[in-house]
2 protein chains.
Amino acid sequence: MARKKKYDEAEVVERAMNLFWRNGYVNTSMQMLEKEMGINKFSIYASFENKHGLFLKCLERYKTKVRGILEKLKNANNGVADIKQFFYDSVSSDFKDDHSKGCFITNTYNEFSQIEDQVIKEQVNSFMTELKKLIIEKLKMHKGKDEETIVREANYLLLAKHGLAAASRVNTEKEIEDYIELTFKNI
Amino acid sequence: MARKKKYDEAEVVERAMNLFWRNGYVNTSMQMLEKEMGINKFSIYASFENKHGLFLKCLERYKTKVRGILEKLKNANNGVADIKQFFYDSVSSDFKDDHSKGCFITNTYNEFSQIEDQVIKEQVNSFMTELKKLIIEKLKMHKGKDEETIVREANYLLLAKHGLAAASRVNTEKEIEDYIELTFKNI
DNA sequence: CTTAAAACTAAACGATTGTTTAGAAATAAC
DNA sequence: GTTATTTCTAAACAATCGTTTAGTTTTAAG
């Protein structure tokens with residue numbers, strides 16, 4: 001009874017994600033999105049309600065993109081070594097298609113840290129919480145560690161991951177790897 | 001021969017700095033600045049040329065604000081222990097007057113990392129470079145370390161400082177201190 | 001072929017951005 | 001007190017922001 005869309009939603013989300021990933025939320029305008037996605041403003045609003053809705057779809061897309069790495073960590077059984085491997089996987093994933101965009105989740109976390117936006121914060125936090133849970137789980141595989149040590153080390157690793165992601169926007173892959181090595185020397 | 005200003009420039013810069021510090025550059029509008037600084041837009045433009053000029057003045061103000069901590073590090077003579085103390089000083093400085101604003105320089109560094117703005121980048125980088133120089137200098141006080149180790153450790157500490165500053169916007173002071181302790185465990 | 005629903009184009013929307021201007025008020029030198 | 005110079009207030013500026021709307025084109029069912 002009606003016309004068909006001449007664009008693929010998943011495809012235009014992928015393009016939008018790369019733009020948001022590089023520039024952040026406020027520094028990406030609808031005009032830029034129109035151009036990059038290759039569709040009209042109207043179509044964007046028809047498919048994603050508004051800029052905010054589109055951004056959420058992009059965050060989700062990124063999360064499924066890195067889902068594999070998280071699953072790998074989940075299924076691993078070598079404790080700290082697995083966490084270290086997860087750090088390496090994250091870095092090489094973010095360095096893959098394009099340099100210096102960092103981690104989309106960390107970028108978003110930074111940009112929205114002073115802004116009231118419960119929906120986006122939930123999206124970001126759910127990822128962080130899951131990662132923290134997994135890290136604690138892996139740390140518990142080492143029998144010698146008491147509860148307090150584990151919590152402190154998990155906290156340390158999460159902050160390290162944060163610094164790592166921020167740094168990957170400006171530092172070289174080699175520098176990042178040095179950083180990971182030294183980070184895990186302390187664990 | 002003319003009228004006198006009824007505001008003190010240093011005073012209104014201080015107010016503007018706190019606003020930029022909390023919200024970042026793009027999320028601070030001239031309207032907000034007018035209100036917070038307590039003077040008219042015209043006066044802002046007369047004193048600081050434009051928003052960008054005002055922001056630079058605020059960055060400079062922050063740098064003189066943390067100058068003391070940096071000088072303390074410069075004049076110290078206990079190597080790694082001094083760097084650690086610098087980390088503690090930075091945290092307690094940023095936690096002092098108001099919580100969860102983080103480090104203004106790091107915030108700016110993050111916000112402008114994908115934006116072409118040579119002037120601001122120079123301001124930020126000059127601070128980073130000086131810090132790196134000092135860290136290397138302190139690390140060299142320990143005779144056993146070869147050049148390569150020193151460079152890697154300095155790089156590690158700078159990234160750690162970065163993560164630390166970002167984290168101080170959301171984590172508690174206690175968590176931050178745990179992080180510092182673990183960071184320096186093996187240096 | 002007609003008709004109704006959805007997707008397109010393109011222009012316009014009001015709000016807000018940073019910046020400028022016109023004119024009144026204040027001040028110090030003469 | 002007059003005059004020249006600067007600071008103030010308040011309004012307006014053009015540009016851009018995210019969003020909406022009017023009108024046309026396409027499509028598939030009746």
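Two residues count as being in contact here if their C-beta atoms, placed from the backbone, lie within 7 Å. I start with that because much of what follows is about contacts. What you have in front of you is a predicted model.

Let me begin with one place where the two protein chains meet. In helix H9(A), the residues A:Glu175, A:Asp178, A:Tyr179 and A:Leu182 meet B:Arg152, B:Glu153, B:Asn155, B:Tyr156 and B:Leu159 of helix H8(B). H9 of chain A covers residues 173–185, and its axis is 9 Å from that of H8(B), at an angle of about 85°. The two helices are therefore roughly perpendicular to each other. As for the character of this contact, its residues divide into 4 nonpolar, 1 polar and 4 charged.

Now the wider interface. How many residues of chain B are in contact with chain A? There are 25 of them, and they touch 25 residues of chain A. On the chain B side, helix H1 (9–23), H8 and H9 each supply at least two residues. H8(B) gives the most, with 10 residues. That whole side of chain B divides into 9 nonpolar, 9 polar and 7 charged residues.

Next, symmetry. Two copies of a chain are related by a rotation about an axis and a shift along it. For this pair, a turn of 180° with a shift of 0.0 Å along the axis lays chain B on chain A, and the RMSD is 0.2 Å. The two copies are thus related as by a two-fold rotation axis. Which residue of chain B has its C-alpha nearest that axis? The answer is B:Gly163, at 1.9 Å. Both copies use the same surface, in that 100% of the contact residues of chain B recur in chain A.

Staying with H8 of chain B, we can look at its partner within the chain. H8 spans residues 147–167 and H9 of chain B spans residues 173–183. These two pack at an angle of about 170°, with their axes 11 Å apart. Since angles over 145 degrees count as roughly antiparallel, that is how H8(B) and H9(B) are described, relative to each other. The contact is made by B:Ala160, B:Leu164 and B:Ala167 on the H8(B) side, and by B:Ile176, B:Tyr179 and B:Thr183 on the H9(B) side. This set has 5 nonpolar residues, 1 polar and no charged. For reference, the contact of H9(A) with H8(B) has 4 charged residues.

A few words on chain A as a whole. Chain A has 9 helices and 0 strands. Of its 187 residues, 33% count as buried. Its C-alpha atoms fill a box of roughly 65 × 35 × 30 Å, taken along the principal axes. Among contacts in chain A with a separation of 6 or more, 58% are between residues 24 or more positions apart.

Now the DNA, strand C to begin with. Around strand C there are 24 residues, and the closest are A:Ala2, A:Asn40, A:Phe42, B:Ser29 and B:Lys51. Two or more residues come from each of helix H3 (41–48) of chain A and, in chain B, helix H2 (30–37), helix H3 (41–48) and helix H4 (51–75). H3(A) gives the most, with 4 residues. The surface near strand C divides into 10 nonpolar, 6 polar and 8 charged residues.

Strand D is surrounded by 25 residues, the closest being A:Arg3, A:Ser29, B:Ala2, B:Asn40 and B:Phe42. Here the elements that give two or more residues are helix H2 (30–37), H3 and helix H4 (51–75) of chain A, together with H3 of chain B. Which helix gives the most to the surface near strand D? It is H3(B), with 4 residues. The residues near strand D divide into 11 nonpolar, 6 polar and 8 charged.

Last, a single residue. B:Ser93 lies in helix H5 of chain B, which runs over residues 80–96. Is B:Ser93 buried, exposed or partly exposed? A residue needs 20 or more other C-beta atoms within 10 Å to be buried, and 12 or fewer to be exposed. B:Ser93 has 14, so B:Ser93 is partly exposed. Leaving aside neighbours within four places in sequence, B:Ser93 is in contact with B:Val66 and B:Ile69. B:Ile69 is 24 residues from B:Ser93 in sequence, and their C-alpha atoms are 8.8 Å apart.

Notes. Residues are numbered from 1 along each chain as its sequence is written. Chains are lettered from A and ligands numbered from 1 in the order in which they are written. This is a predicted model: local features need pLDDT of at least 70, side-chain atom pairs count only at pLDDT 80 or more; totals for chains, interfaces and linings use all residues. Axes are lines fitted to C-alpha atoms, for helices over the stretch in contact, and angles run from 0 to 180 degrees between N-to-C directions. Angles under 35 degrees count as roughly parallel, over 145 as roughly antiparallel, 65 to 115 as roughly perpendicular and the rest as oblique. Ala, Val, Leu, Ile, Met, Phe, Trp, Tyr, Cys and Pro count as nonpolar, Asp, Glu, Lys and Arg as charged, and the others, Gly among them, as polar. A residue is near a molecule or strand if its C-beta atom, placed from the backbone, lies within 6 Å of it. Copies are superposed by least squares on the C-alpha atoms of residues with pLDDT of at least 70 in both.
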